[in-house]
Amino acid sequence: MSVMPGLMAPVAPVPPVAQVLYKAACPDCRARFELSAGAFRLAIGASRRTTFYSFTCPECGSAVRKPAGERIVELLTDGGVNTLRLHITVRSAAC
Ligand SMILES: [Zn+2]
């Protein structure tokens, strides 16, 4: 049922202007923590495969990168996460 086990909805029911915390987990050391929007980077590519978010694990310092679905993208951009658009999404005509 869970779409993205590593990332869930913002923790605190506070207005978006306040600092939003996201729950995240590190696949390396399995630590669980809450990170503010500033700790994330979001890269939106042309396809799902190139759309991902990343953060650095505060426990082990490992750089974590996970694919970001549409909901995750929405969630993160709403929270003010740095977004890098690698490619403008275009539905190109099939050849
Ligand atoms: Zn870790």
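Okay, hi everyone. Quick definition before I start: when I say helix or strand, I mean a run assigned by DSSP, H or I over at least four residues for a helix and E over at least two for a strand, numbered from the N terminus. And please keep in mind that this is a predicted model.

So, what are the pieces? The chain contains one helix and six strands. If you walk along the sequence, you meet them in the pattern β-β-β-β-β-α-β.

Let's begin with the hairpin. Strands β1 and β2 pair in the antiparallel sense, with five bridges. One pair to find on your screen is Ala-25, which sits opposite Arg-32 in β2. Six residues lie between the two strands of this hairpin. Now zoom in on Arg-30, which is in the loop joining β1 (21–25) and β2 (32–36). What is special about the phi of Arg-30? Its phi is near 65°, so to speak on the positive side, and Arg-30 is not a glycine. For background, most residues other than glycine have a negative phi. And is Arg-30 buried or exposed? Arg-30 counts as exposed because it has 10 other C-beta atoms within 10 Å, and the cut-off for exposed is 12 or fewer.

Next up, the sheet. We have an open sheet of four strands, in the order β5-β4-β3-β6, and the pairing is mixed. At the edges are β5 (63–67) and β6, each of which pairs on one side only. Going from one strand to the next, the twist averages 20°. Then there's the helix, α1, residues 70–78, which packs on this sheet and touches β3, β4 and β6. The direction of α1 makes about 130° with that of β3.

Where does the mixed pairing come from? Look at β3, residues 41–44. With β4 (residues 52–56), β3 pairs in the antiparallel sense over three bridges. With β6 (residues 82–85), β3 runs parallel, and four bridges join them. A good residue to click on is Ala-43: its bridge partner in β4 is Phe-52, and its bridge partner in β6 is Leu-84. Also in β3, you can find Arg-41 opposite Ser-54 in β4.

Last stop: the inside. Which residues touch the most other members of the largest nonpolar core? That core has 13 residues, and the ones in question are Phe-40, Leu-42, Tyr-53, Ile-72, Leu-76 and Val-81. Who supplies it? β1, β4 and α1 each give at least two residues, and the largest share, three residues, comes from α1. Take Leu-76: leaving out residues up to four places away in sequence, Leu-76 touches Phe-40, Leu-42, Tyr-53 and Val-81.

Two numbers for the whole chain before I sit down. Of its 95 residues, 16% are buried. And among contacts with a separation of 6 or more, 49% are between residues 24 or more positions apart.

That's me done. If you'd like something to try afterwards, find Ala-43 and look for its partners, Phe-52 in β4 and Leu-84 in β6. Thanks!

Methods:
Residues are numbered from 1 along each chain as its sequence is written. This is a predicted model: local features need pLDDT of at least 70, side-chain atom pairs count only at pLDDT 80 or more; totals for chains, interfaces and linings use all residues. Two strands pair if DSSP finds at least two bridges between them. Axes are lines fitted to C-alpha atoms, for helices over the stretch in contact, and angles run from 0 to 180 degrees between N-to-C directions. Two residues are in contact if their C-beta atoms, placed from the backbone, lie within 7 Å. A residue is buried if 20 or more other C-beta atoms lie within 10 Å of its own, exposed if 12 or fewer, and partly exposed in between; C-beta atoms are placed from the backbone. A nonpolar core is a set of buried Ala, Val, Leu, Ile, Met, Phe, Trp, Tyr and Cys residues joined through C-beta atoms within 7 Å.
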